[in-house]
Every structure is written in structure tokens, then in C-alpha cells.
Amino acid sequence: MKNILFRADSSSTIGTGHIMRDLVLAQQYPNNKIYFATQELEGNLNSKIKESGYEVVNLNSNDIDELDSLIKKLNIDLLIIDHYEINYEYEKELKIKNSTLKIMVLDDTYEKHYCDILLNHNISADESKYKDLVPYDCELRCGSKYTLLREEFLKEKEIQREKIYDFFIAMGGADTANLNIKILEILPKDKRVALVTTNANRNLKDLKEYVKDKTNITLFINSNEVAKLINQSKLAIITPSVTVNEVYFLDTPFIAIKTADNQEDIYNYLKEKGYQVLSKFSEEAFNNLLTIELLNFTQLSLDEKKLVLKWRNDERIRNWMFSTSIISLENHLNYIDSLSLKKDRVYFLVKQNSLPIGVIDFTEITTLSAHIGLYSNPDIKGVGSLLMKEIVNYGFEKLKVKKLISEVFETNIKAIKLYERFNFMVIEKKKDLLIMELNYENR
């Protein structure tokens, strides 16, 4: 059995993310003696550590001599550092003072470290960036395969939940940027909201006062069911932090708003990959991300029609179509022209903040049902749920049908999971196709 010491802090200023992910990491050492060395800062989560069954040792400061004395007193074998104010020189001095001590560092900002193991568990982590930042024999653990996820998320991945919340909001346990109320003021008042925070939030009193007479908003404080709440929500509003790992794992669409410098790496990664991000919060920019337009194919400009054709002929899309042949521009334009005479089908180009994100369509429309289809801009990720949400809304609210039907190749696992998240059920199988259906009452 080894003696392991975590060195991390939490407060209304620092936030709670370090302690929360350290508690997950601690579970990977079940047969060892675990200690947490923390300061008694305002709004800390030390009680959460104790509730998890670990011993907390209070530090008076971040002084290296105080920590060194504790390491020697407890005969620590492995020191796990998750602290932005502990740097390369600090770590090196600890190693000199304790020749057999192993050091693991959690890092997400690509700083120089003197450690035996470096863990960057974010989906954006790039191992190559640490080439000259750590000792040559340092073990690097980078990327999504090392993501620290609580057990509740692993279990929730296998559960299909009804989407009872339109929005899930998590701006950090401490909400250091004080954005919760600002976001709530912008969201439509007829939409259901699940907002999670902790007692570390210094604005908690104002937040409670704001939501007390708003029946569409449910405030969750120190919740143990965050994974369930995310899974029950149509869209998450979060920071580009470790929370991204969680909503990404559960395939929940999200908007990420940067609130701190240490979120820059994940923010840049998400922006590069085409996810919805904001470098800073503003009412106009946030509203733009929420604005969705449905443009009927018959009303598209020539350039927009050509853009749709480019997507449709992209190998990543046409390989999942019934016809995998390349469509000519002439045939494409002729088909769109013919739609003005057809009453049993309608196609839409979907835009978000004037950015084309995908296509949805309804065919074989009757008073009872409609067959549906969708595909996203192949260069944008994370918009499938947004497109499906528009299909469900338009199909049941505008077309007034009783059920929506889709035919999906049984090998198209990604599409099947998307349909299942919106409560579509397999009702029949035809050769290599699954017939999936969503009834109005199950929407």
C-alpha cells in the first residue's frame, strides 16, 4: 500500500473543478492511503473530500517547507499536484528534498513541470506540446482516453432519458464570472432550465432570489445527479473546461463560453473543430448562437443551392444515402424546382447565426405521418441534435403529424444513437435498414 497526497485547493475564486476531478482520480487508487492537502479558503469543497472518505490536512499557506514537512510526516510515496501556483522550480525542489518521491502533475495550460507523470485529460490535449516542458523520462497521459469521468457518467451513457429540460447550465461550481443570471435573463421564458452550482458560488444568494418565482427554472446546488441532468437536457451551456469532457461523453450539444485564461486551449480546440463557442459573453453573441433559421429549398439562392449539393455529394454524407451516386448540378436544380409543385415533401437548409449547419427534410407527408431525413454540414461537428430538435418541432408543431418515421442503415451507429436520444423506437427491420418511429406523445 502506498501513501498518496493530493495537493489542490478550491474556493469561490479558484472554483471547484480541481477538487472534483481529483476525487475521480483518487478512485483509481482504491488500495492506497489517500490524503488531501488543502487550504481553508472561502467557499472550499473540503467537506466534499471528507464525505468521499478521504482525510483532509489543512495547510496554512502554499509554502514549500510546509508541504515538504507534511510529505515527510506522512511518508508520502506519490504526490499529485493539481494547482496553478505550483511550478517547475517548486516541484524540482520537492524532488531534491525527497529523493524517492514520485510526482504526478495535472496540467491543462502547457506549463513547464518537473514530474514523473503528467496528466492532461482534456479532449484537446496534445502530447507533442510537452516535448520540451517535462523531463525526458516523464510519462505523458494526454487526451480523451485519460478523461476523468465520475461513475455516474459511465452509467448514464447507457441510459436513454426523456429530454425534460431545454437547457442545462453549468458555469462552474463557483461561477467566478457571475454569468448565471445574465444567461437566464436572455433565455426564452417558456423553456425549462436546469441550472447546477455549488455552495462555493459567492453569488448564490442572488441566484436563489432570482429563480424563486420562476417555475421554468430548477436550481440544483451540490447535485449528485449532474450526469442525469445533462442527459435530460437538449442543450448545455457550459464553460470550455472539464465539463466539456462530460457533455461530450454524453453526446449532448453545447455552447461553451470562455470565462478564464486557463480555458484557452479547450476553447481553441472546440472552435477549430466547429463547435459553438464564445471567447467572452455578450448578449448579442449569445443570442446569435440561439437563433435558428429554416430556409425552404425553393427559396434558396443559387449559391445556397450549390452549397447543399456540395454537402450532398461529399463522401461522408452520400455513403449513408440510398443513392450513393454523385448528383449533377442540373439534376439537383431541377429537383429543387419541382418541389414547388409537390405538397407531400419539403426540404430546409438550416442556419444558425446565419451559418449553414445542415439540411432537414420531410417526405411522404400525410395527416398522420411524415418520413424524415437530415445531414449536417460535413465540416461542422456537434449539430446533429440541433437539427433533430428542429425536425421534431416542425413535424409536430407545423405539420401537425402524429408520428415521424426514419429509415436508417443498421450500420450507421451514430445516426441510430441520435434517433434514440430523441426517443425514436425501432418498429421494423427491412434487410439492412431499421425503421424507426417517434410518436407525438413520446416526443
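In this predicted model, 6 strands (DSSP runs of E, at least two residues long, numbered from the N terminus) form an open sheet with parallel pairing, in the order β10-β9-β8-β11-β12-β13. At its edges lie β10 (217–221) and β13 (276–278), each of which pairs on one side only, where pairing requires that DSSP finds at least two bridges between two strands. Direction ignored, neighbouring strands of this sheet are turned by 20 degrees against each other on average.

Strand β12 (residues 254–257) runs parallel to β13 and is joined to β13 by 3 bridges, with isoleucine 255 standing opposite glutamine 276 in β13. Helix α11 (residues 283–290; helices are DSSP runs of H or I with at least four residues) packs on the sheet and touches β8 (165–170), β11 (233–238), β12 and β13, contact meaning heavy atoms within 4.5 Å. The direction of α11 makes about 175 degrees with that of β13, on a scale where angles run from 0 to 180 degrees between N-to-C directions and axes are lines fitted to C-alpha atoms, for helices over the stretch in contact.

A further packing involves helix α12 (residues 302–313) and helix α14 (residues 329–338), whose axes are 10 Å apart and meet at an angle of about 115 degrees. Among the residues in contact are Leu302 and Val308 in α12, and Leu329 and Ile336 in α14.

Residues are numbered from 1 along each chain as its sequence is written, and side-chain values use heavy atoms, leaving out hydrogens and water. Local features need pLDDT of at least 70 and side-chain atom pairs count only at pLDDT 80 or more, whereas totals for chains, interfaces and linings use all residues.
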